[in-house]
Amino acid sequence: QVQLVESGGGLVQAGGFLRLSCTTSGRTFSSYIVGWFRQAPGKEREFLAAIRWRSGLTSYLDSVKGRFTISRDNAKNTVYLQMNSLKPDDTAVYYCATAAGPGARYDTWGQGTQVTVSS
């Protein structure tokens, strides 16, 4: 089973940027869809972006299009989430997760990485 590890979170000022990484221990991402989500205190978990590992096809939450970019590095078996022009509202725990394919539920999750954006 894929085990996921996120990294790259931290404290950043509004307008700044961060790049989150999601890598696996065990199996490779292979044919999976890898998604990024976030959950702010008192709010529901929110989908942000996803990438199909084989094709590289991406999808985004409309509100982050143009600010967030999901990408993959096949050689490093890593998925990234580049986040630019960060806002205090982006403060949350960010998670990566995998789904077996289109329409499948995300069933493997990382432990999350905290992103805090100060005003």
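**Exercise 1. The four-stranded sheet**

Determine the order in which the four strands of the open sheet are arranged in this predicted model, and identify which strands stand at the edges.

*Solution.* Step 1: the strand order is S1-S3-S8-S7, and the pairing is antiparallel. Step 2: S1 (3-7) and S7 each have a single partner strand, so they stand at the edges and one side of each lacks a neighbour in the sheet. Step 3: from one strand to the next, the twist averages 20 degrees.

**Exercise 2. Strand S1 and its partner**

State how many bridges join S1 to S3, and assign the residues of S1 to its covered and uncovered faces.

*Solution.* Step 1: S1 and S3 run antiparallel and are joined by five bridges. Step 2: in the register of this pair, Gln3 stands opposite Ser25, and Val5 opposite Thr23. Step 3: in a regular strand, side chains alternate between the two faces of the sheet. Step 4: accordingly, the covered face of S1 carries Leu4 and Glu6, while Gln3, Val5 and Ser7 lie on the uncovered one. Step 5: Ser25 has a relative accessibility of 33%, between the limits of 20% and 50%, and therefore counts as partly exposed.

**Exercise 3. The nonpolar core**

Identify the strands that give two or more residues to the largest nonpolar core, and list the contacts of Tyr94 beyond its sequence neighbours.

*Solution.* Step 1: this core has 27 residues, and those with the most contacts inside it are Cys22, Trp36, Phe68, Val79, Leu81, Met83 and Tyr94. Step 2: the contributing elements are strands S3 (18-25), S4 (33-39), S5 (46-52), S7 (68-73), S8 (78-83), S9 (92-99) and S11 (113-118). Step 3: with neighbours within four places in sequence left aside, Tyr94 is in contact with Glu6, Leu20, Phe37, Arg38, Leu48, Phe68, Leu81, Met83, Gly112, Thr113 and Val115.

**Exercise 4. Aromatic and charge-ring pairs**

Classify the ring pair of Phe37 and Trp109, and state which residues belong to the cluster linked by ring pairs.

*Solution.* Step 1: the whole structure holds six aromatic pairs. Step 2: the ring centres of Phe37 and Trp109 are 4.8 Å apart and their planes meet at 55 degrees, so this pair is tilted. Step 3: Phe37 belongs to strand S4 and Trp109 to strand S10 (residues 106-109), 72 residues apart. Step 4: Phe37, at 8% relative accessibility, is buried, whereas Trp109, at 27%, is partly exposed. Step 5: Tyr106 and Trp109 also form a tilted pair, 6.5 Å centre to centre with 55 degrees between the planes. Step 6: the cluster comprises Phe37, Phe47, Tyr95, Tyr106 and Trp109. Step 7: elsewhere, Arg19 lies over the face of Tyr80, 4.0 Å from the ring centre, and the charged end of Arg72 sits over the ring of Trp53, 5.9 Å from its centre.

Conventions
Residues are numbered from 1 along each chain as its sequence is written. This is a predicted model: local features need pLDDT of at least 70, side-chain atom pairs count only at pLDDT 80 or more; totals for chains, interfaces and linings use all residues. Side-chain values use heavy atoms; hydrogens and water are left out. A nonpolar core is a set of buried Ala, Val, Leu, Ile, Met, Phe, Trp, Tyr and Cys residues joined through side-chain atoms within 4.5 Å. Buried means under 20% relative accessible area, exposed over 50%, partly exposed in between (1.4 Å probe, protein chains only). Contact means heavy atoms within 4.5 Å. Two strands pair if DSSP finds at least two bridges between them. Axes are lines fitted to C-alpha atoms, for helices over the stretch in contact, and angles run from 0 to 180 degrees between N-to-C directions. Rings of Phe, Tyr and Trp (its six-membered ring) pair if their centres lie within 6.5 Å; planes under 30 degrees apart count as stacked, over 60 as edge-to-face and the rest as tilted. A charge sits over a ring if NZ of Lys or CZ of Arg is within 6 Å of the ring centre and within 35 degrees of the ring normal.
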